[in-house]
Amino acid sequence: MFYPNNGKVVIVDDRYDDVKYLIASLSSNNIPFTYFSDETGEDLPAKPIQNVRLLFLDLMLQTDITGMPPKSVVSTALGRLTRIIGNNNGPYFLLTWSTEYEKYIDILFEELEKETFPSTRPISVITLKKAELKDKGISVITEKIKETIEEFDSLKAFFYWESIINDSIGEVTNDFTSVVHNENNWNNLTKSLLYKLSHAFWGEMINKRSTNKSQGAFSTLNQIFSERINYNVIDSTSKVFEGLINKSSDNLDDLSAQINFKLNMSGYLLGDKISGEVFLPIDNSYREIQKLKNRKSLELTRHRENNQSGRTKRFNSIKELNQFFKGKITEQIEQMPAYDKCFRMILIESLTKNKDRPFKSIYAKSKFIELNITPKCDSAQQKLKKVRLLPGVLFPSEYVNYLKRYAEYNYISDFTFQFQGKNYVFLFDFRHLYSVLPEDIKQPAYFRLNDRLFNDLQVKLSSHINRIGLLYMS
């Protein structure tokens with residue numbers, strides 16, 4: 001029987017005697033778990049536990065339930081569940097039990113199936129009568145879990161991978177901290193070790209950084225951590241992956257596009273002019289215009305309220321207020337033609353000359369983007385003078401057959417990815433590369449390219465810049 005070893009097994013039961021055999025079984029198999037026993041729920045966490053994979057939940061969490069409607073009893077139990085399981089928890093199995101199984105189980109399933117139930121619904125519910133547990137012991141739970149998980153055996157691969165990561169983290173920590181042997185000065189020497197790790201990432205620029213010095217140490221450890229995970233996966237003798245990986249005959253284009261975004265891009269944005277960030281200037285302008293209009297409406301309401309109450313006003317008149325916001329909106333609108341001209345030029349020069357090419361549809365469904373392609377070392381070592389921006393297009397994947405594949409100034413991604421519910425490929429034109437001062441970038445990024453894709457783009461860009469060309473007579 002395979003359990004995750006990352007401590008994301010949770011037990012909720014107010015009677016220790018009813019779960020002591022389960023606790024003993026988990027403990028004897030080195031499975032970390034969290035146990036909540038307070039009848040009123042006072043011991044529940046302040047915020048949900050992330051990435052729970054198995055939750056044991058008693059349906060009767062009050063000592064005295066005389067006269068309580070069965071629906072109220074179940075609602076109390078599910079209330080505990082929603083305080084433990086977060087909305088982004090991912091798949092987990094719920095095992096429920098009760099001494100009065102028949103009285104509550106149907107209501108439990110009804111409540112879980114309701115559309116109003118939070119997005120914390122388990123992937124599967126395992127039900128058990130407490131009488132069975134007392135008669136057959138812990139083996140009945142093990143068999144039930146094993147039987148259910150086998151129906152979702154693909155999840156075992158992810159549970160196993162999570163366990164490898166958990167072990168690998170500990171191994172990297174042990175490897176580095178074990179080099180310090182001086183027990184009398186262990187703490188100070190370990191701080192020096194962290195400085196060395198950070199220096200390996202930042203170089204001499206570490207001494208010029210006033211903040212985030214530790215980020216370099218973590219970045220160095222992340223690289224070692226990645227190598228350790230790969231080694232442990234390859235070195236593993238487990239057969240858990242056998243039979244779990246097969247090519248489906250289903251059409252998985254949309255699924256592949258969603259996965260490609262997760263593989264090559266990230267929605268986690270750090271700001272501060274980070275290399276690899278992707279901007280949508282035209283979309284940003286429209287968004288800013290809408291924000292200004294909303295703000296104008298709010299200011300107008302406040303202005304009228306202030307006039308009525310006689311309080312100090314930000315604007316002396318409605319005319320002044322209108323002029324202020326008109327000027328701000330005009331600033332946003334004036335930026336858009338330059339972006340649109342570049343947008344159209346990239347599309348026109350990247351499309352084949354087929355007479356049947358649906359340019360209007362392609363233009364309407366594409367999005368103009370700009371990529372911060374500044375070398376990462378410029379930011380890391382605080383050498384950033386200007387930000388290099390590479391204009392491009394989120395090009396609808398349905399029209400890729402109309403793209404020129406032979407133009408050396410173009411970068412067209414080999415994969416389709418999904419963004420805001422639509423499928424695209426990347427289209428960049430290296431000839432439009434330009435630079436701006438860091439303070440001139442005020443718009444927010446929408447996502448960030450991961451290192452492999454970012455590096456691939458940099459290599460192709462450098463190859464284009466260094467291309468000598470040929471001199472010959474024909």
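Guide: Welcome! Let us begin with a definition: a salt bridge is a side-chain nitrogen of Lys or Arg within 4 Å of a carboxyl oxygen of Asp or Glu. Keep in mind that the structure above is a predicted model.

Visitor: By this rule, to how many salt bridges does the count come?
Guide: Each one needs a nitrogen and a carboxyl oxygen within 4 Å. Applied to this predicted model, the rule gives a count of ten.

Visitor: With which residue does E398 form a salt bridge?
Guide: In this pair, the closest N and O atoms are 3.4 Å apart. That fits the rule, because the limit is 4 Å. The partner of E398 is K365.

Visitor: How many residues apart in sequence are the parts that E398 and K365 tie together?
Guide: E398 lies in the loop between strand 9 and strand 10 (410–412), while K365 belongs to helix 12 (residues 359–365). E398 is exposed, with 53% relative accessibility, and K365 is partly exposed at 38%. Because one residue is in that loop and the other in helix 12, the pair ties together parts whose separation in sequence is 33 residues.

Visitor: Is D429 buried or exposed?
Guide: D429 meets R431 in a salt bridge, at 2.9 Å from N to O. R431 is partly exposed, with a relative accessible area of 41%. For D429 the relative accessible area is 0%, so this residue counts as buried.

Visitor: Over the ring of which residue does the charged end of R431 sit?
Guide: R431 is the residue that also shares a salt bridge with D429. Its charged end is 3.5 Å from the centre of a ring. That ring belongs to Y409.

Visitor: What separates K460 and D456 in helix 14 (residues 451–465)?
Guide: These two residues form a salt bridge, with their closest N and O atoms 3.6 Å apart. K460 is partly exposed at 39% relative accessible area, and D456 is partly exposed at 29%. Because they are four residues apart in helix 14, their separation is about one helical turn.

Visitor: Now for the rings: how many aromatic pairs does the structure hold?
Guide: A pair of aromatic rings is described by the distance of the centres and the angle of the planes. To count here, two ring centres must lie within 6.5 Å. The number of aromatic pairs in the structure is 17.

Visitor: What kind of pair do the rings of F261 and F447 make?
Guide: Their ring centres are 5.5 Å apart and their planes meet at 70 degrees. Planes over 60 degrees apart are in one named class. The pair of F261 and F447 is therefore edge-to-face.

Visitor: How many residues apart are F261 and F447?
Guide: F261 is in helix 9 (residues 253–264) and F447 is in strand 14 (residues 447–449). Both are buried, F261 at 17% relative accessibility and F447 at 0%. The pair links distant parts of the chain, and the separation is 186 residues.

Visitor: What kind of pair do the rings of F343 and F368 make?
Guide: F343 and F368 are both buried. Their ring centres are 5.9 Å apart, with the planes at 40 degrees. An angle that is neither under 30 nor over 60 degrees falls in the remaining class, so this pair is tilted.

Visitor: How many residues of strand 8 are buried?
Guide: Strand 8 (residues 367–372) is the one that holds F368. On one side K367, I369 and L371 are buried, and on the other F368, E370 and N372 are buried. Strand 8 is therefore largely enclosed by the rest of the structure, and its buried residues number six of the six.

Visitor: Which residue in strand 9 (residues 387–396) stands opposite F368?
Guide: Strand 8 has antiparallel pairings: two bridges join strand 7 (residues 277–279) to it, and six bridges join strand 8 and strand 9. In the pairing with strand 7, F279 stands opposite E370. In the pairing with strand 9, the residue opposite F368 is V393.

Visitor: About how much accessible area do F158, W161, V233 and I234 have together?
Guide: These four residues form a nonpolar patch on the surface. Helix 6 (154–177) and helix 8 (213–235) each supply at least two of the patch residues. I234, which lies in helix 8, is exposed with a relative accessible area of 72%. Together, the four have an accessible area of about 460 Å².

Note on methods: Residues are numbered from 1 along each chain as its sequence is written. This is a predicted model: local features need pLDDT of at least 70, side-chain atom pairs count only at pLDDT 80 or more; totals for chains, interfaces and linings use all residues. Side-chain values use heavy atoms; hydrogens and water are left out. Rings of Phe, Tyr and Trp (its six-membered ring) pair if their centres lie within 6.5 Å; planes under 30 degrees apart count as stacked, over 60 as edge-to-face and the rest as tilted. Buried means under 20% relative accessible area, exposed over 50%, partly exposed in between (1.4 Å probe, protein chains only). A charge sits over a ring if NZ of Lys or CZ of Arg is within 6 Å of the ring centre and within 35 degrees of the ring normal. Two strands pair if DSSP finds at least two bridges between them. Patches are made of residues with over 30% relative accessible area and no salt bridge: like charges are joined within 9 Å, nonpolar side chains (Val, Leu, Ile, Met, Phe, Trp, Tyr) within 5 Å. Accessible areas come from the Shrake-Rupley method with a 1.4 Å probe; for residues, only the protein chains shown count as cover.
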